[in-house]
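Work through the exercises below with the model open. Each task is followed by a solution in steps.

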Amino acid sequence: MQKISNVVQEAKIFAVANQKGGVGKTTSTINIATALAAIEKKVLLIDIDPQGNASSGLGIMKDNRAISLFDIIMGNKTPLEGLVETKVPHLDILTSTVDLMAIETILANSEDKEYRLKNALNIILSKKKYDYILVDCPPSLNLLTINALNCAQHVLIPLQCEFFALEGLSQILETISQVRNMTNKNLKIGGLILTMYDQRNTLSKQVANEVRDHLKELVFETKIPRNIRLSEAPSYGKPALLYDHKCVGSKAYIQLVAELIKRFEAPYKTAA
């Protein structure tokens, strides 16, 4: 088996994961990254979803993804070669293309298949270039997601405030537990982000209360509301914070990042 290097990690590494689609995962990743960059944190966003929505949501069109995460995971290019500067100061990205869909098949017999991203990321970590690294995972529990969880220190879980979201939550929590037991003993739940919250909707309140009852302080106090401006922004290749920084969705993400900073840059013990 290929040796996995043990570079000291100074950057805070978050996998943003939920196997259920449509929960605001990519929207959250983009806007958290942008809000961190806005306060001059040096941020890297890794788009490990073959759909490439985080890449296009930051205005990196397919023609500008000459070196993608596929090339890096396959070892054809180094991650330093793949770094792309976004229009957001202090925010870089490793882009995704549809080629990533083939990774599971191509690496089926590779002994280090679960650690390809970790090994690549160690090259970047050795440069001490970033304060925060966020990995936008695909909406499934596949090899790409496992790679993300193996290189992360913390998992951020966006959770849509609806009934079926609770069923999916147990699956991602179980996956995190398995990864911790088998391949990444230091992995922790960084927090749950309540998304698409409608304060007029009784079900939204019930879901939020139930999740908070079970997971206590792991649930961020800030709730991300349903907001049309959050939905519109990606079609313009912009984070909502650039598209309309005054909308309620942007303000919520700014508040969420303030909470995240307090949680991870001040003494705070995350639960298992």
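**Exercise 1. Find the backbone oxygens that the side chain of Asn-184 reaches, and place the residue in its surroundings.**

Step 1. A polar atom of the Asn-184 side chain lies 2.8 Å from the backbone oxygen of Leu-149. A second backbone oxygen, that of Ala-152, is 2.9 Å from a polar atom of this side chain. Polar contacts here are N or O pairs within 3.5 Å; within protein, one atom must be able to donate a hydrogen and the other to accept it, and residues adjacent in sequence count only if both atoms are side-chain atoms.

Step 2. Note the source of the coordinates. This is a predicted model, in which local features need pLDDT of at least 70 and side-chain atom pairs count only at pLDDT 80 or more, while totals for chains, interfaces and linings use all residues. Residues are numbered from 1 along each chain as its sequence is written, and side-chain values use heavy atoms, with hydrogens and water left out.

Step 3. Locate the residue. Asn-184 sits in the loop between α8 (163-182) and β7 (188-197). Helices (H or I, at least four residues) and strands (E, at least two) are DSSP runs, numbered from the N terminus.

Step 4. Check the accessibility. Asn-184 has a relative accessible area of 9%, so it is buried. The classes are buried (under 20% relative accessible area), exposed (over 50%) and partly exposed (in between), with a 1.4 Å probe and protein chains only.

Step 5. List the neighbours. Beyond four places in sequence, Asn-184 touches Leu-149, Asn-150, Cys-151, Ala-152 and Val-179. Contact means heavy atoms within 4.5 Å.

**Exercise 2. Decide why helix α7 is described as largely enclosed.**

Step 1. Count the buried residues. Helix α7 covers residues 143-151, and 8 of its 9 residues are buried, so the rest of the structure largely encloses it.

Step 2. Name them. The buried residues of α7 are Leu-143, Leu-144, Thr-145, Asn-147, Ala-148, Leu-149, Asn-150 and Cys-151.

Step 3. Look at the start of the helix. There, a side-chain oxygen of Asn-142 comes within 3.2 Å of the backbone nitrogen of Leu-144.

**Exercise 3. Trace the surroundings of Leu-45 in strand β2.**

Step 1. Read the accessibility. Leu-45 has 0% relative accessibility and therefore counts as buried.

Step 2. Follow the chain to Asp-92. Leu-45 and Asp-92 are 47 residues apart in sequence, yet their C-alpha atoms are 6.3 Å apart.

Step 3. Collect the contacts. Outside four places in sequence, the partners of Leu-45 include Thr-29, Ile-30, Ala-33, Ala-54, Leu-58, Leu-91, Asp-92 and Leu-134.

**Exercise 4. Set Ser-56 beside Ile-72, using sequence separation and distance in space.**

Step 1. Take Ser-56, in helix α2 (residues 53-57). Its relative accessibility is 24%, so Ser-56 counts as partly exposed. The Ser-56 side chain reaches the backbone oxygen of Asn-53 at 3.2 Å.

Step 2. Go along the chain. Ser-235 is 179 residues from Ser-56, with 8.3 Å between the C-alpha atoms. Contacts of Ser-56 beyond four places are Met-61, Arg-65, Pro-234 and Gly-237.

Step 3. Take Ile-72, in helix α3 (residues 69-73). Ile-72 is buried, at 5% relative accessible area. Ala-252 is 180 residues away in sequence and 34 Å away in space, C-alpha to C-alpha.

Step 4. List what Ile-72 touches beyond four places: Lys-77, Thr-78, Pro-79, Gly-82, Leu-94 and Ala-120.

**Exercise 5. Examine two non-glycine residues with positive phi.**

Step 1. Glu-40 has phi of about 70 degrees. Glu-40 lies in the loop between α1 (25-38) and β2 (43-47), and its 60% relative accessibility makes it exposed.

Step 2. Met-196 has phi near 55 degrees. Met-196 belongs to strand β7 and is partly exposed, at 23% relative accessibility.

**Exercise 6. Summarise the whole protein: elements, burial and long-range contacts.**

Step 1. Count the elements: 12 helices and 8 strands.

Step 2. Assess burial. Of the 272 residues, 54% are buried.

Step 3. Assess contact range. Among contacts between residues at least 6 apart in sequence, 79% join residues at least 24 apart.

Step 4. Read the overall dimensions. The C-alpha trace spans about 50 × 40 × 35 Å along its principal axes.
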